[in-house]
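Hi,

Here is the structure we talked about, ready for you to open. Have a look at it first, and then read on for what turned up.

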Amino acid sequence: MAAGDGGDTVAVPTEIAALRLRVLELERENQRLAQIASTCSCGSKEDNIPPSLVENRDQQVQKNVKSQKSRISDYDVSLPFDHMMISTENQVLCDVKGEGHDDLSKIRRKHSKRTGHQVGNVSHCQKRLIALKIMYFGQRFYGFASEAHTEPTVESEIFKALERARLLVGSIKDACYSRCGRTDKGVSATGQVISLYLRSNFKEAGGNVLGERSEIDYVSVLNRNLPRDIRVIGWCPVSADFLARFSCLGREYKYLFWKGGLDVSKMQEAAFKFIGEHDLRNFCKMDAANVSNYKRCITDFTISACDQRSNHDELWSMNIRGSAFLWHQVRCMVAVLFLVGQGLESPCVVDSLLDITKTPRKPQYTMAPELPLILRSCLFDRVNFMCSSDASQALIEHLKDEYHQYMLQAAIFDEALTCLCIPEANPSESPKKKRKHIPLLSRETEPSYEERRARVKAKSATCS
């Protein structure tokens, strides 16, 4: 291959992808215009158009489509393309050998510049405000929200799927997007909720409104475009003043843990002290620049067994319900309860940390790990999530398959344990000394809220 041939080889499949997309757009545009003409009730109905003009219009559209197709056929069929398929919702997925999503995005951006069409978004369709209930497994994500500019996040994957499915009407800013909670890196959810405007089969005001059965199956459409560790499990139309964050009445978190030698009764005694409204600044990561009120209401905090065992240990869970939660609040509360369960702290330490006059500064301690934490559900008034029977069955089969895969992986680790030869302990070796526990109330403390606010004001004054 001569120098410079490589660039032409890459350019040819890129051009093919752009041409194929253009063909599909022309065909869709023809279908859209035909549908508008068939439902139009004004004086310019197609019945009143001279047959010769109608015929000329259709011939011109077909001529444009054939022209684009002929340009594609001029290329060698052995070029590195696997396939292109169109779903029932007219979404286009292009898989190029040797090229990832970044290359596909480049193709789409080049095509957008060439045709003036924004791939992924539409602007001429009807839209409606809906809430989506989302499940995700957070091990590989850098949290839910995308503000950290670190990929991947759950939110970024959701918007990629919305663009691929062409469900966004206009720009993301036009969608009035809101999320119920922003979970940390590694945290999972079985009941996260977001709300936004999406493309709809409903007609505009004054027209005939289609029934819900004729609406887009948002669950099926999105799950075909999402990665395997994110699933939409329900959707619901909501009123124009609905915001997933501020319309939420309550949230429930679950934290899984192995009981080991923990004193669960002591942990439960300490957990009950959280119930009610308290200033929880000593049980969170303080954001003095944006948060001034650290009072939150916990309505229920229970610790119970999960009826699962492994390695002679029992799986338990903490279930926490509240109206709202602060940054890292659950993981901080769990960390203190673990110290109580180990006998390193008394349950009364919770009382001391909740008394901000007695303990105005948060003692330094390590949060509980993020992986066992699950945002279990979000509570709303008169929001009933729905899912078609086909989408529900597909979701169940998907989760069963994922579960079986993880069980196989667990069996591999179990096999590794059985094959491991562990030497007998040498009685002459002295056991490792346990790290001495420093009581929470005797530890170094973080700056208080007032001190943090003073720093924020000083920094703002310097910048201005």
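**Salt bridges and the largest pocket**

Lys 273 is partly exposed, with a relative accessible area of 23%. Please keep in mind that this is a predicted model.

What does Lys 273 pair with? Its side chain meets that of Asp 351 in a salt bridge, with 3.0 Å from N to O. Asp 351 lies in helix α8 (residues 349–354) and Lys 273 in the loop between α6 (264–272) and β10 (276–279), so the bridge ties together parts that are 78 residues apart in sequence. Asp 351 is also partly exposed, at 37% relative accessible area.

That pair belongs to a longer list: a search of the whole structure gives 17 salt bridges. Another of them joins Glu 402 to Arg 228, with the closest N and O atoms 2.8 Å apart. This one also links distant parts of the chain, since Glu 402 sits in helix α9 (residues 389–419) and Arg 228 in the loop between α5 (218–223) and β8 (230–237), 174 residues apart. Is Glu 402 buried or exposed? At 19% relative accessibility it counts as buried, because the cut-off for buried is under 20%. Its partner Arg 228 is partly exposed, at 43%.

A third pair is Glu 314 with Arg 309, where the closest N and O atoms are 3.8 Å apart. Glu 314 counts as partly exposed at 22%, whereas Arg 309 is exposed, with a relative accessible area of 59%. There is also a network to look for: Asp 184, Arg 331 and Glu 370 are joined by salt bridges that share partners.

Now to the largest pocket, which has a volume of about 1,500 Å³. It is lined by 31 residues, and those nearest its centre are Phe 137, Gln 139, Leu 256, Tyr 403 and Tyr 406. Two or more lining residues come from each of β4 (127–136), β7 (188–199), β9 (250–258), β11 (295–310), β13 (373–379) and α9.

Which element gives the largest share of the lining? That is α9, with 10 residues, the helix that also holds Glu 402. By class, the lining has 19 nonpolar, seven polar and five charged residues. Both domain 1 (124–202 + 213–247 + 383–412) and domain 2 (249–380) take part, each giving at least three residues to the lining.

Happy browsing, and do write back with any questions.

Best wishes

Definitions and conventions:
Residues are numbered from 1 along each chain as its sequence is written. This is a predicted model: local features need pLDDT of at least 70, side-chain atom pairs count only at pLDDT 80 or more; totals for chains, interfaces and linings use all residues. Side-chain values use heavy atoms; hydrogens and water are left out. A salt bridge is a side-chain nitrogen of Lys or Arg within 4 Å of a carboxyl oxygen of Asp or Glu. Helices (H or I, at least four residues) and strands (E, at least two) are DSSP runs, numbered from the N terminus. Buried means under 20% relative accessible area, exposed over 50%, partly exposed in between (1.4 Å probe, protein chains only). On a 1 Å grid over the protein atoms alone, a cavity is a set of points where a 1.4 Å probe fits but cannot get out, and a pocket is an open set with protein on both sides within 12 Å along at least five of seven lines; lining residues have an atom within 4 Å of a point. Grid points are joined across faces, edges and corners, and a volume is the space filled by probe spheres set on the points. Ala, Val, Leu, Ile, Met, Phe, Trp, Tyr, Cys and Pro count as nonpolar, Asp, Glu, Lys and Arg as charged, and the others, Gly among them, as polar. Domain bounds come from an automatic or database domain assignment.
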